[in-house]
Amino acid sequence: MTDIGNKSLKYQAGIGPKRAELLANDMDMHVVDDMLQFYPYKYVDRSHIYKISELRADMPYVQICGRFISRQMVSGGRMPHLTATFSDGTGTIEIVWFKGLNYVTEQINPNELFLLFGKPSIFNHKLNMTHPEMEKADSAHVDAGTLQPFYNTTERMKKSGFNSKAIHKIIRGIFVDAGDDGIMETLPQSILTKCNLMPRGKALQQIHFPTNAQTLEIARYRMKFEELFYIHLSLLRNKTINRSHQQGVVFAKAGALLNDFYKNHIPFEPTNAQKKVVREMSVDMASGRQMNRLLQGDVGSGKTLVALMVMLIAAGNGYQACIMAPTEILATQHYENLSKMLSGMSSVSVALLTGSTKKKDRTKILSALADGSLNFIVGTHALIEDTVVFNKLGLAIVDEQHRFGVAQRARLWAKATIPPHILVMTATPIPRTLAMTVYGDLDVSVIDELPPGRKPVMTEHYFHNSRNSLNKFIRDQLQQGRQCYVVYPLIDESEKMDFKNLTEGFEYMKEAFPEYKVCMVHGKLSAEEKDEAMHSFASGESQIMVATTVIEVGVNVPNASIMVIESAERFGLSQLHQLRGRVGRGADQSYCVLMTSYKLSDDTRRRMEVMVGTTDGFEIAEADMRLRGPGDISGTQQSGLPFSLRIADLAKDSQLVQYTREKAQELLAADPSLESADNVVAVERLRALAKQQINWSEIS
Ligand code: ADP
Ligand code: MG
């Protein structure tokens with residue numbers, strides 16, 4: 001038995017060196033196995049023939065059968081082309097060609113019956129189809145139930161005639177070469193049997209040449225299984241390896257500092273959920289192994305207090321701790337919160353280090369860090385610079401993780417002889433199945449309870465022309481002493497139109513509310529200007545803040561009770577949820593108003609409905625994943641995975657994600673180092689997949 005999977009594509013019939021280079025450059029395909037795992041992005045049922053009278057422009061590729069009743073060469077205008085009228089007795093459709101005009105003219109004999117296959121669209125109010133696939137109907141062998149696969153190709157490939165059809169043909173050749181047993185099995189036999197999976201060779205064949213829809217589904221299931229199974233196996237294995245080898249600093253006791261804080265300085269009784277996660281972490285940090293933990297807690301669930309408590313454990317055990325935040329605003333806010341909570345504890349010191357820290361202060365801070373006299377430091381990316389040297393770093397906390405890559409996490413490790421414990425905090429709730437894979441190398445703690453007395457934010461969806469009633473509502477809240485945010489989308493801080501909307505919105509609010517003070521914050525302001533505006537809002541000096549999404553994460557002004565989100569249709573669900581989380585932080589009833597135009601796509605309408613319907617971050621995350629697919633959730637789906645996914649989908653296949661994890665766990669439980677003969681194949685597969693591993697340093 002020979003495995004043809006490793007054969008270079010250069011040597012495959014129909015490819016050759018030139019095309020092989022295209023495949024390598026454009027599609028990252030090198031060997032036969034890459035091609036076999038180049039899955040069709042869709043299938044089209046060629047068994048069904050549509051009537052022309054049934055066609056609509058929003059249909060996908062369809063097949064029609066009829067005759068050309070007239071044709072016309074159009075040589076004027078920008079581009080000479082050929083049009084022909086095609087009829088099947090139920091109606092007519094215009095067929096258009098821009099290329100190969102002579103050849104086509106010869107082909108379309110009016111007496112002959114043709115099968116056309118293409119995408120209907122509307123041009124000049126008339127139904128048309130450009131460059132359909134064309135076959136004479138009598139020679140066409142249309143098997144009942146034939147599903148024709150379609151493959152993505154790049155423009156460059158198409159230009160050299162390397163289209164979906166050509167790829168299909170090459171794959172056909174691969175199967176001919178492979179014979180019955182040329183495609184190696186990649187799953188252990190025990191798994192195949194236990195889970196009743198189709199053998200690999202057959203599954204791949206069905207995927208490229210499906211017999212029918214049912215068998216195709218079974219085949220796809222098998223390949224999805226394999227993909228997810230190996231992701232779990234790899235993550236779980238690394239985890240056990242890291243567990244047993246990665247030595248960690250031992251924080252043997254909760255320590256006097258935490259006790260003092262808890263007894264004398266804590267501003268409020270922690271929720272049970274806060275206590276629970278602190279306990280989980282203290283166990284980790286006492287274990288002698290490095291902690292690698294993800295803390296998930298919805299906006300407002302009180303992650304800051306938790307962070308401070310574990311930092312105090314570090315300090316109580318004689319170690320330093322740091323918090324790294326993605327923006328200066330957030331870092332500053334953390335610093336202020338910590339300073340406030342620690343104000344009664346003179347033995348604990350905390351400093352802030354960002355890009356705009358003055359040189360003189362920086363020097364002082366860095367030397368205090370190096371000599372160990374500084375306990376805690378809060379900062380931005382500035383913290384991972386090489387000039388930042390700790391005396392004894394024991395704990396590194398990363399807030400809003402999705403903006404930090406794995407590589408950056410790794411740089412924090414390097415700052416101590418024994419790697420510090422790592423706590424990653426995120427307010428973006430991640431559906432369980434996603435957390436399992438994207439953060440598979442982390443343990444997960446969840447704060448599943450909000451501090452008492454919170455009232456869920458009431459959310460309403462308004463259309464742009466209801467300004468007057470909105471303003472009345474805002475004024476009513478302001479008169480009760482509350483404050484209001486108005487947020488504009490400004491995706492890229494250089495977008496001119498967006499910027500104009502923002503500043504116009506600012507002017508509008510000043511005019512509409514002359515008796516109140518309005519401030520504005522956006523990314524183009526200098527750090528001081530930003531600070532000034534934030535302070536004027538936080539202190540209550542101004543009552544309305546017009547801002548961009550710079551306030552998306554972390555900003556905490558409990559007196560603010562209204563969040564108006566302008567052009568809400570332009571935000572994703574998780575972003576809307578983050579923004580809404582800026583209000584509802586005090587005991588008062590808070591409100592979120594989603595402003596959109598009248599014309600909304602179905603997707604947008606659903607997003608608004610989800611926001612109005614629930615304030616539960618996990619529910620929103622699930623909905624988000626269903627609506628958008630997991631890839632967009634945090635932009636890190638692929639970057640958190642050991643290998644990229646080609647066929648499985650973390651959102652759509654969430655049950656299989658769970659199931660394959662269990663199977664991988666069972667396999668490792670029975671054979672932790674994968675030594676049995678049956679598991680050799682798994683070890684080999686892991687090794688092969690690891691070779692294709694994503695290069696972290698490039699993507700982070
Ligand atoms: P997160 O960072 O998780 O979004 P924060 O740590 O900013 O949330 O906390 C949100 C608000 O809740 C803050 O005003 C904080 O002071 C308050 N808070 C946190 N924990 C508690 C608690 N146990 N009881 C009452 N208020 C709390
Ligand atoms: Mg926070």
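**Exercise 1. Work out which residues bring α16 and α17 together, and how the two helices cross.**

Start with the side chains in this predicted model: R467, N471, I474 and R475 of α16 meet Y508, M509 and A512 of α17. Next, sort the residues of that contact by character: four are nonpolar, one is polar and two are charged. Then look at the helices themselves. Helix α16 covers residues 467-479 and helix α17 covers residues 496-512; they pack at an angle of about 65°, and their axes are 12 Å apart. Finally, check the handedness: α16 and α17 make a right-handed crossing.

**Exercise 2. Lay out the six-stranded sheet and explain why one side of β17 and of β19 lacks a neighbour.**

Write down the order first: β17-β22-β21-β18-β20-β19, an open sheet with parallel pairing. Now go to the edges, where you'll find β17 (458-463) and β19 (518-521); each has a single partner strand, so one of its sides has no neighbour in the sheet. From one strand to the next, the twist averages 20°.

**Exercise 3. Zoom in on β17: find its partner strand, then the helices that touch the sheet here.**

The partner to look at is β22 (residues 591-596), which runs parallel to β17 and is joined to it by six bridges. To get your bearings, pick H461, which stands opposite L594 in β22. Now add α16: this helix packs on the sheet and touches β17, β18 (483-487), β20 (544-547), β21 (560-565) and β22, with its direction at about 160° to that of β21. Last comes helix α20 (residues 602-613), lying across β17 and β22 and running at about 150° to β17.

Methods. Residues are numbered from 1 along each chain as its sequence is written. Chains are lettered from A and ligands numbered from 1 in the order in which they are written. This is a predicted model: local features need pLDDT of at least 70, side-chain atom pairs count only at pLDDT 80 or more; totals for chains, interfaces and linings use all residues. Side-chain values use heavy atoms; hydrogens and water are left out. Axes are lines fitted to C-alpha atoms, for helices over the stretch in contact, and angles run from 0 to 180 degrees between N-to-C directions. Helices (H or I, at least four residues) and strands (E, at least two) are DSSP runs, numbered from the N terminus. A crossing is left-handed if the near helix is turned anticlockwise from the far one by less than a right angle, and right-handed if clockwise. Contact means heavy atoms within 4.5 Å. Ala, Val, Leu, Ile, Met, Phe, Trp, Tyr, Cys and Pro count as nonpolar, Asp, Glu, Lys and Arg as charged, and the others, Gly among them, as polar. Two strands pair if DSSP finds at least two bridges between them.
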